[in-house]
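Below are some notes for a colleague going through this model, set out as numbered points. Please read them with the structure open.

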Amino acid sequence: MSASRQKKLRTEQKAAVSETKMRQAKEDKKAARQLKVWSIIFYVAVIAIIIGLVGGGIYNSGILHRMFTAVTVGEHNLSAADLNYFYVDTVNSNTLLPYMVKADKGLDEQYQDEEKGITWADASMEQAIEQAKAIYAAYDEAMANGFTLSEESQAQIAATVNNMKTYAMLYGHSSANAMVRSTYGVGCNLKTYEEYLTVQQIANDYAVSVGEALTASEEEIAAEVKENGATYSTYDYRILDIALDEYYEGEADAEGKYTEEQTEAALAAALKAAEEKAKELKGQAETFAEDKDSILKEAVAYSSVLSYAREWLTDAERKAGDTTALENASGNGATVVMFLGSDDQSGAMPVDVRHILIEFEGEANEDGTPTDEQIATAKEKAQSILDNWKEGEATEESFGTLANENSTDTGSNTNGGLYETVYPGMMVTAFNDWCFDESRKSGDTGLVETEYGVHVMYFVGVAEDELNFRDYQAETTILNAKFEEWRTGIIEAMTAEEGFGMKMVNKNIYVNPNNAMSLS
């Protein structure tokens with residue numbers, strides 16, 4: 001073999017060896033990659049098993065509920081646990097909700113608007129977020145203005161927290177944290193509950209301070225009275241209802257119902273009869289009063305005046321003795337109405353009064369009303385206190401001393417039973433009527449029975465330096481409008497954006513007709 005051929009053979013052999021090595025290297029690399037993939041799969045599977053074993057514990061611990069943001073309100077990141085407080089309290093505060101949902105299903109399973117796919121949980125959560133916006137809007141402004149809680153408010157928060165500890169023992173919970181969790185959901189505990197209460201208290205107290213600082217000038221009050229004076233007046237009038245029964249023509253069907261045409265004809269006939277009656281009675285108040293079926297309405301507030309007669313009765317041009325005939329609101333007849341007079345309340349002044357409340361003791365009737373025995377006992381005790389006062393110095397000061405010693409009214413039994421600047425309608429009817437009796441004068445005493453018990457009364461006198469009732473009502477309207485403008489403004493400036501933690505909020509609450517709420 002020639003030298004050249006040998007050289008060529010060695011070259012080919014060397015190339016074959018290299019190719020074999022390269023092929024082997026590729027196969028080795030591929031096998032290594034497969035081994036790595038299977039190793040990763042193995043470790044992932046192991047990790048998954050571990051997570052499956054402990055994941056439930058981590059979730060139930062509440063760590064994740066406090067870690068992830070459910071909604072960002074302004075600059076505040078509320079976790080799922082934080083939002084639970086607002087959500088649960090929103091549900092609990094809706095007193096009508098138990099009558100609109102079924103007790104055997106959670107709120108997340110029942111529709112408020114099925115066509116739009118809105119559940120009661122969705123609707124309640126929307127309200128909860130709006131409440132959070134309102135609270136944090138006021139809280140932020142309070143903090144910006146250096147507002148701090150009073151000692152009384154701090155004590156109230158502390159008392160609420162301590163009550164939770166007490167309730168925990170009463171209801172068999174292992175701790176206060178367990179009680180809070182049971183009430184509000186996973187992730188909630190006593191510490192975050194106290195923080196929630198504090199934010200709420202600061203916001204509410206600050207809002208009260210804002211309202212108390214608002215004022216209305218004499219010019220503003222005069223302008224309001226000029227524009228809406230009728231709404232602050234009271235009205236006296238007499239009515240006589242004309243029913244349809246005697247004006248139907250033809251026979252009713254087997255169920256006693258008349259056709260639409262029969263009803264329309266009867267209504268027209270009743271209205272015509274009422275119009276004739278109104279013409280006959282115009283200016284004849286005494287004659288109208290003699291009709292045993294007529295009803296006298298006295299000192300009726302604007303908001304309580306018959307809705308279908310309000311515009312006519314409150315017309316500024318209305319004169320005593322004017323009459324009219326109107327179809328009543330229910331459409332089942334007509335009404336004759338006579339205007340007797342009105343009072344613009346400019347002469348009604350507030351009063352100062354002291355009282356001693358003697359509550360009814362013992363078990364009441366099934367309907368909650370006091371028994372005759374309870375009433376008699378309370379009256380006897382009240383009369384004894386009044387008699388003792390009369391036998392003593394019989395002064396306002398001595399009455400105040402007896403109030404502090406005997407009254408069960410916590411709102412006044414530390415200041416001598418005194419209520420100052422009491423306007424008409426502020427107190428329950430019997431109490432109010434005694435205070436604003438036209439014959440009432442300073443130093444008058446007496447007994448008044450209300451749903452709360454028997455009151456020993458002492459009339460201090462008219463608060464002459466205060467606004468009259470008309471102007472007071474106008475001022476209240478102005479201040480309410482200013483407060484609402486402030487409140488609306490800060491809320492509208494507050495943003496809310498949902499986050500991943502919203503998925504962890506337990507919205508599926510069960511509510512029964514007794515308004516007892518439970519978490520699913």
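1. Is Glu420 buried or exposed? The model is a predicted one, and in it Glu420 is exposed because its relative accessible area, 54%, lies over the 50% cut-off for that class. Glu420 is found in strand β10, which covers residues 418-422, and together with Glu464, Asp465 and Glu466 this residue forms a negative surface patch.

2. A second patch, this one nonpolar and of about 370 Å², is made by Leu96, Tyr99 and Met100. Tyr99 lies in the loop between α3 and β3 (111-113), and Tyr99 counts as exposed because its relative accessible area is 63%, where exposed means over 50%.

3. Turning to the interior, the largest nonpolar core holds 57 residues, of which Leu83, Phe86, Leu107 and Tyr193 touch the most other members. At least two residues of this core are supplied by each of β1 (69-73), α3 (80-93), α4 (120-144), α5 (151-170), α6 (176-184), α7 (190-213), α15 (469-492) and β14 (509-511), and the largest share, 13 residues, comes from α4. As background, nonpolar side chains tend to be buried together in soluble globular proteins.

4. Finally, Asn404 is found in helix α13, residues 396-406, and is partly exposed, with a relative accessible area of 38%. Computed along the sequence Asn404 and His355 are 49 residues apart, while the C-alpha to C-alpha separation in space is 10.0 Å.

Terms used. Residues numbered from 1 in each chain as written. Predicted model: local features only at pLDDT ≥ 70, side-chain atom pairs only at ≥ 80, totals over all residues. Heavy atoms only, no water. Patch = residues over 30% accessible without salt bridge, like charges linked within 9 Å, V, L, I, M, F, W, Y side chains within 5 Å. Areas by Shrake-Rupley, 256 points an atom, 1.4 Å probe, with all protein chains shown as cover. Salt bridge = Lys/Arg side-chain N within 4 Å of Asp/Glu carboxyl O. Lys, Arg positive; Asp, Glu negative; His and termini not counted. Charge placed at Lys NZ, Arg CZ, Asp CG, Glu CD. Helix = DSSP H or I, 4+ residues; strand = E, 2+ residues; numbered from the N terminus. Buried < 20%, exposed > 50% of the residue type's maximum accessible area, 1.4 Å probe, protein only. Core = buried A, V, L, I, M, F, W, Y, C linked by side-chain atoms within 4.5 Å.
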